[in-house]
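Work through the exercises below with the sequence and the coordinates at hand, and try each task before reading its solution.

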Amino acid sequence: MVSGCFKVFHTHHNAAEQILYFGIENWWISDIDSFVNRIPSKLNIQALEDSEILLIPKNEKEELYAEMPEIERLMRLKFQKSIIALQRRIIDNLSKPSDERYVEFLKDYPQTAHRLTNIQIAAYLGVTPEFISRIRKKIVSKS
C-alpha cells in the first residue's frame, strides 16, 4: 500500500466485526489463503481513509519471483515478519489481560492507533468500545 489505512476483518454471523489487522503505508494486506489457494475470501478489506494501493495478480507475482530471486527473498522475509506478528497476537490474546493488550497496541502501533476509532480498536482487541473508553480515562487520570 502506498498511502492510507485499511482494516482486514471477518464478520461474524451476528454481524459483529473481528478485525484481524490494520494496514498502513508500506504494509501488505491480503487474504493470503484466498490469494495462494485461489478460493473465495472469508475476509473483508476496507479502506478507513483515502488510500493509494498497488495490486499484483498471482501470476505476475510468480513471474517476478522467477525473473528476480531477490524479490522472492524480500517477500519471504516480509511474510515471515507477518507470521511472527500474527503468532504474537494470538499468544497475547490468549494470555494477556485486555488493558495490557490495549496499552501494548498503542505502544507498538502509534502510527496506526491515532487514525482509528474506539470501535475499530475494540474490534481488533476483542473488547467493547466502552472498555476502550474506560481504559483511556484510566490512563489519562494516571498522567
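Helices (H or I, at least four residues) and strands (E, at least two) are DSSP runs, numbered from the N terminus. With that convention, R38 is found in the loop between α1 and β3 (44-47). The model is a predicted one, and local features are considered here where pLDDT is at least 70.

**Exercise 1. Overall layout**

Task: State how many helices and strands the protein chain has, and in what order the elements follow from the N terminus.

Solution: Begin with the count, which gives seven helices and three strands. Next, read the elements from the N terminus on, which yields the order β-β-α-β-α-α-α-α-α-α. For the dimensions, the C-alpha trace spans about 55 × 35 × 35 Å along its principal axes. Finally, consider how the chain is covered: of its 143 residues, 24% are buried, and the chain exposes about 9,800 Å², of which carbon and sulfur atoms supply 58%.

**Exercise 2. The largest nonpolar core**

Task: Identify which residues have the most contacts inside the largest nonpolar core, and which elements each supply at least two of its residues.

Solution: The core in question has 18 residues, and those with the most contacts inside it are F105, I121, L125 and I132. Turning to the elements, β1 (5-11), β2 (17-24), α4 (98-108), α6 (118-125) and α7 (129-142) each supply at least two residues of this core, and the largest share, five residues, comes from α6. As a last step, take I121 and leave aside residues up to four places away in sequence: I121 then touches Y102, F105, A113, L116, I132 and R136.

**Exercise 3. Salt bridges**

Task: Find where the partners of the salt bridges K7–E17 and R115–E49 lie, and decide whether K7 is buried or exposed.

Solution: The criterion required is a side-chain nitrogen of Lys or Arg within 4 Å of a carboxyl oxygen of Asp or Glu, and by this rule the count comes to six salt bridges. In one of them, the side chains of K7 and E17 meet at 2.7 Å, N to O; K7 belongs to strand β1 and E17 to strand β2, and the two residues are 10 apart, so that the pair links distant parts of the chain. K7 is buried because its relative accessible area is 7%, under the 20% cut-off, whereas E17, at 30%, is partly exposed.

In another, R115 pairs with E49, the closest N and O atoms being 2.4 Å apart. R115 lies in the loop between α5 (110-113) and α6, while E49 lies in the loop between β3 and α2, so this pair ties together parts that are 66 residues apart in sequence. R115 is partly exposed, with a relative accessible area of 22%, and E49 likewise counts as partly exposed, at 31%.

A further salt bridge joins the side chains of D92 and K96 at 3.3 Å, N to O. To complete the solution, note that salt bridges that share partners join E25, E49 and R115 into one network.

**Exercise 4. Positive phi values**

Task: Determine what phi N26 and R38 have, and in which loops these residues lie.

Solution: As background, most residues other than glycine have a negative phi. N26, although not a glycine, has a positive phi of about 70 degrees, and N26 is placed in the loop between β2 and α1 (32-37). For R38, phi is near 55 degrees, again a positive value in a residue other than glycine, and R38 is in the loop between α1 and β3. With regard to accessibility, N26 counts as exposed at 62%, and R38 counts as exposed at 59%.

Notes: Residues numbered from 1 in each chain as written. Predicted model: local features only at pLDDT ≥ 70, side-chain atom pairs only at ≥ 80, totals over all residues. Heavy atoms only, no water. Core = buried A, V, L, I, M, F, W, Y, C linked by side-chain atoms within 4.5 Å. Buried < 20%, exposed > 50% of the residue type's maximum accessible area, 1.4 Å probe, protein only. Contact = heavy atoms within 4.5 Å. Areas by Shrake-Rupley, 256 points an atom, 1.4 Å probe, with all protein chains shown as cover.
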